[in-house]
Amino acid sequence: MRKNANALKHFPKVVILRIKKEVCWLGNVIVSKDFSGKGAANYLLKTMIMKAKSIYKVKHLLLSCHSTNSRGLAFYHKHGFKPINKRITDLDEQKIITIQMKLEI
């Protein structure tokens, strides 16, 4: 765990927490390819969950993940996030689908 914490200090801060009442939206959870598969994403997500729960008293975490990001969707599912909605956006004559997910904490 400490090794991952040291690796994370080299990342720019890309995580956005938007808090409203007992709900928090997570945004842009990104891990550099250099740290992919080394536990950095697990550490980052567990840290965000812990801080949201203990500091901000959040009861629900929400996020959106592109439907084409099967690795991300599997990662969030593994950590207990459940799909709650989908959003379809038209972008330059192409449809972009995002899956909105929720975790009760």
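**View 1. Cys-24 and its partner across the pairing of strands E2 and E3.** In this predicted model, Cys-24 stands opposite Leu-61, a residue of strand E3. The two strands concerned, E2 and E3, pair in the parallel sense, and 3 bridges hold the pairing. Strand E3 is mostly covered, since 5 of its 7 residues are buried. Cys-24 itself is buried, with a relative accessible area of 0%, and Cys-65 is likewise buried, with a relative accessible area of 4%. The structure nevertheless holds 0 disulfides.

**View 2. The whole chain, as a guide to the close-ups.** The protein chain has 3 helices and 5 strands, and, read from the N terminus on, these elements follow the order α-β-β-α-β-α-β-β. Of the 105 residues in the protein chain, 29% count as buried.

**View 3. Strand E5 and its pairing with strands E3 and E4.** Strand E5, which covers residues 94-104, is joined by 9 bridges to strand E4, which covers residues 82-91, and the two run antiparallel. Strand E5 also pairs with E3 in the antiparallel sense, here over 7 bridges. Which residue of E5 is the bridge partner of Ser-64? The partner of Ser-64 is Gln-100, and Asn-85 also stands opposite Gln-100. Elsewhere in E5, Lys-102 is the bridge partner of Lys-82. When following any of these strands by eye, it helps to recall that in a regular strand the side chains alternate between the two faces of the sheet.

**View 4. Two loop residues with positive phi, Asp-92 and Lys-57.** The hairpin of E4 and E5 has 2 residues between the strands, and in this hairpin Asp-92 takes a positive phi near 50 degrees, although Asp-92 is not a glycine. Is Asp-92 buried or exposed? With a relative accessible area of 71%, Asp-92 is exposed, because a residue counts as exposed when this value is over 50%. Lys-57, found in the loop between H2 and E3, is another residue other than glycine with a positive phi, in this case near 55 degrees. At 54% relative accessibility, Lys-57 counts as exposed.

**View 5. Helix H2 and its buried face.** Helix H2 comprises 15 residues, 40-54, which at 1.5 Å a residue should span 21 Å, and the C-alpha atoms at its ends are indeed 21 Å apart, which agrees. The buried residues in H2 are Ala-40, Leu-44, Leu-45, Met-48, Ile-49 and Ala-52. Seen down the axis of H2, these buried residues fall within an arc of 165 degrees, so they line one face of the helix. The spacing along the sequence can be read with a general rule in mind: an α-helix has 3.6 residues a turn, so residues three or four places apart point the same way.

**View 6. Ala-52 of helix H2 and the end of the chain.** Ile-105 lies in the segment after E5 and, at 26% relative accessibility, counts as partly exposed. Although Ile-105 and Ala-52 are 53 residues apart in sequence, they are 8.8 Å apart in space, taken from C-alpha to C-alpha. Ala-52 is one of the buried residues of H2.

**View 7. The two sides of helix H3.** In helix H3, the residues Gly-72, Leu-73, Phe-75 and Tyr-76 are buried. They cover an arc of only 160 degrees around the axis, which puts them on the same side of H3. On the other side of H3, Ser-70, Arg-71, His-77 and Lys-78 are exposed, so that a reader who follows the helix around its axis can tell the buried side from the exposed one.

**View 8. The largest pocket and the residues that line it.** The largest pocket holds about 780 Å³ of space. Among the 29 residues that line this pocket, the closest to its centre are Val-29, Asn-69, Gly-72, Phe-75 and Tyr-76. Which element gives the most to the lining of the largest pocket? Helix H3 does, with 6 residues. At least two residues of the lining come from each of strand E2 (23-27), helix H2, strand E3 (60-66) and helix H3 (70-78). Gly-72, Phe-75 and Tyr-76, which are among the residues closest to the centre of the pocket, are also among the buried residues of H3.

Conventions
Residues are numbered from 1 along each chain as its sequence is written. This is a predicted model: local features need pLDDT of at least 70, side-chain atom pairs count only at pLDDT 80 or more; totals for chains, interfaces and linings use all residues. Side-chain values use heavy atoms; hydrogens and water are left out. Helices (H or I, at least four residues) and strands (E, at least two) are DSSP runs, numbered from the N terminus. The expected span of a helix is 1.5 Å times one less than its number of residues. Buried means under 20% relative accessible area, exposed over 50%, partly exposed in between (1.4 Å probe, protein chains only). The arc is that of the directions from the helix axis to the C-beta atoms. Two strands pair if DSSP finds at least two bridges between them. A disulfide is a pair of cysteine sulfur atoms within 2.5 Å. On a 1 Å grid over the protein atoms alone, a cavity is a set of points where a 1.4 Å probe fits but cannot get out, and a pocket is an open set with protein on both sides within 12 Å along at least five of seven lines; lining residues have an atom within 4 Å of a point. Grid points are joined across faces, edges and corners, and a volume is the space filled by probe spheres set on the points.
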